[in-house]
Amino acid sequence: MAASGTGEPHALGHTDEEQDFDADDAIPGEIGATCLYAVYDPVSGTCSMARAGHLAPVLVLPDGSGRVVDLPTGPPLGLGSLPFEAVDLDIPDGSVLALFTDGLVTSREGDFDEDLSDLQRALAQPARSLDALCDGVLASMCTQPRTDDVALLLARTKRLSEDQVADWAVPPDPAAVATIRREVVDRLAAWHLDAAAFVAELAVSELVTNAIRHGAEPIRLRLIRERSLICEVSDGSSTSPHLRRARTFDEGGRGLFMVAQLTRRWGTRYSMTGKTIWAEQQLDELIP
């Protein structure tokens with residue numbers, strides 16, 4: 001993944017007057033922010049995307065052909081409470097997904113559609129790396145002064161092999177936690193990741209227990225091994241756990257806090273069928 005951009009961030013405010021929003025019109029003043037959200041699953045090769053008033057991304061396939069991804073448009077953040085429709089897209093391995101601000105395709109004298117076509121052609125040019133491609137696209141597109149900030153983010157898709165993923169169905173029974181923990185430790189040993197076992201076992205125990213107690217069926221655990229080790233626990237509810245500090249004499253409430261302290265990062269993502277809580281360990285800190 002490579003990113004490049006120019007310009008300073010802007011503070012956003014709200015006006016006292018309500019204004020109607022048209023998806024095809026510009027944002028009326030500093031009252032909202034556009035957003036494009038994408039989650040790529042390297043196991044299935046599926047990317048889930050939604051946008052809030054932002055330009056849709058450009059997808060360049062391995063054969064060099066490119067197109068603008070067809071995404072439904074939602075209102076910018078801060079301009080209403082309409083739901084945002086997500087689209088699941090199967091992306092071939094080795095494709096490049098380009099996310100960008102409108103400053104990249106809006107020149108003072110150019111035409112938007114022409115600039116967008118120029119961007120697709122620039123993204124299809126061969127390059128030795130994503131960084132080089134990013135630099136080449138910016139050099140090609142920014143030959144004239146721009147009236148807005150420019151940002152470009154490129155990501156190349158890569159599916160993981162079957163031996164990099166482990167998946168378990170978890171029965172909604174607290175007694176299943178101990179069994180799942182043992183199977184996780186055994187799988188990490190097979191992956192030669194014994195140094196990651198302590199934190200992974202803690203994360204699995206906490207997240208699976210929370211899903212059994214507070215979530216809904218079906219419950220699944222997935223381990224993903226790449227440059228990091230990701231533990232994912234999915235269930236059928238939309239209730240998310242809250243991180244809190246347990247008081248001195250509390251008998252519980254410390255598990256998620258310890259997961260947050262011991263892992264590189266953690267978070268929640270939602271889907272049409274429930275949610276996934278994940279925690280990530282950085283493997284290059286553990287493997288000599």
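Salt bridges come first: the count in this predicted model stands at 10. Among them is the pair Arg222 and Glu232, whose closest N and O atoms are 2.8 Å apart. Arg222 sits in strand β11 and Glu232 in strand β12, so this contact ties together parts that are 10 residues apart in sequence. Both Arg222 and Glu232 are buried. The pair doesn't stand alone, either: Asp41, Arg222, Glu232 and Arg269 are linked in a network of salt bridges.

Another of these bridges joins the side chains of Arg265 and Glu280, at 2.7 Å from N to O. Here too distant parts of the chain are linked, with Arg265 in strand β13 (residues 265–271) and Glu280 in strand β14, 15 residues apart. As for exposure, Arg265 is partly exposed, at a relative accessible area of 44%, whereas Glu280 has 6% and counts as buried, the cut-off for buried being under 20%.

A more local case turns up in helix α1 (residues 112–123), which holds both Asp118 and Arg121, 3 residues apart, or about one turn of the helix. Their closest N and O atoms are 2.2 Å apart in the salt bridge. Asp118 is partly exposed, with a relative accessible area of 26%, and Arg121 is partly exposed as well, with 49%.

Turning to the interior, the largest nonpolar core has 29 residues. Val184, Leu188, Leu221, Leu223 and Val233 are the residues with the most contacts inside this core. At least two core residues each come from β10 (165–170), α3, α4, β11, β12 (228–235), α5 (255–262) and β14 (274–282). Helix α4 gives the largest share, 8 residues. For a look at one of the well-connected residues, take Leu223: leaving aside residues up to four places away in sequence, Leu223 touches Gln164, Val165, Ala166, Trp168, Val184, Leu188, Trp191, Ile230 and Cys231. Val184 and Leu188, both in that set of contacts, are themselves among the residues with the most contacts inside the core.

There is also a second, separate core of 20 residues, which includes Ala98, Leu133, Val150 and Leu152. Leu133 belongs to helix α2, where Leu130, Ala132, Leu133, Cys134, Val137, Leu138 and Met141 are buried. Helix α2 itself (residues 130–141) has 12 residues and reaches 16 Å from its first C-alpha to its last, close to the 16 Å expected at 1.5 Å a residue.

Not every nonpolar side chain is tucked away. Phe198, Met258 and Leu262 form a nonpolar patch on the surface, and together they have about 320 Å² of accessible area. Met258 is found in helix α5, and with a relative accessible area of 37% this residue is partly exposed.

Finally, two bits of backbone geometry are worth a glance. Most residues other than glycine have a negative phi, and most peptide bonds are trans. The peptide bond from Glu217 to Pro218, though, is cis, with omega near 0 degrees. Pro218 lies in the loop between α4 (197–214) and β11 (219–225). The other case is His192, a residue other than glycine whose phi has a positive value, near 60 degrees. His192 is found in the loop between α3 (176–190) and α4, where this residue is exposed, with a relative accessible area of 69%.

Key: Residues are numbered from 1 along each chain as its sequence is written. This is a predicted model: local features need pLDDT of at least 70, side-chain atom pairs count only at pLDDT 80 or more; totals for chains, interfaces and linings use all residues. Side-chain values use heavy atoms; hydrogens and water are left out. Helices (H or I, at least four residues) and strands (E, at least two) are DSSP runs, numbered from the N terminus. Buried means under 20% relative accessible area, exposed over 50%, partly exposed in between (1.4 Å probe, protein chains only). A nonpolar core is a set of buried Ala, Val, Leu, Ile, Met, Phe, Trp, Tyr and Cys residues joined through side-chain atoms within 4.5 Å. Contact means heavy atoms within 4.5 Å. Patches are made of residues with over 30% relative accessible area and no salt bridge: like charges are joined within 9 Å, nonpolar side chains (Val, Leu, Ile, Met, Phe, Trp, Tyr) within 5 Å. Accessible areas come from the Shrake-Rupley method with a 1.4 Å probe; for residues, only the protein chains shown count as cover. A salt bridge is a side-chain nitrogen of Lys or Arg within 4 Å of a carboxyl oxygen of Asp or Glu. The expected span of a helix is 1.5 Å times one less than its number of residues.
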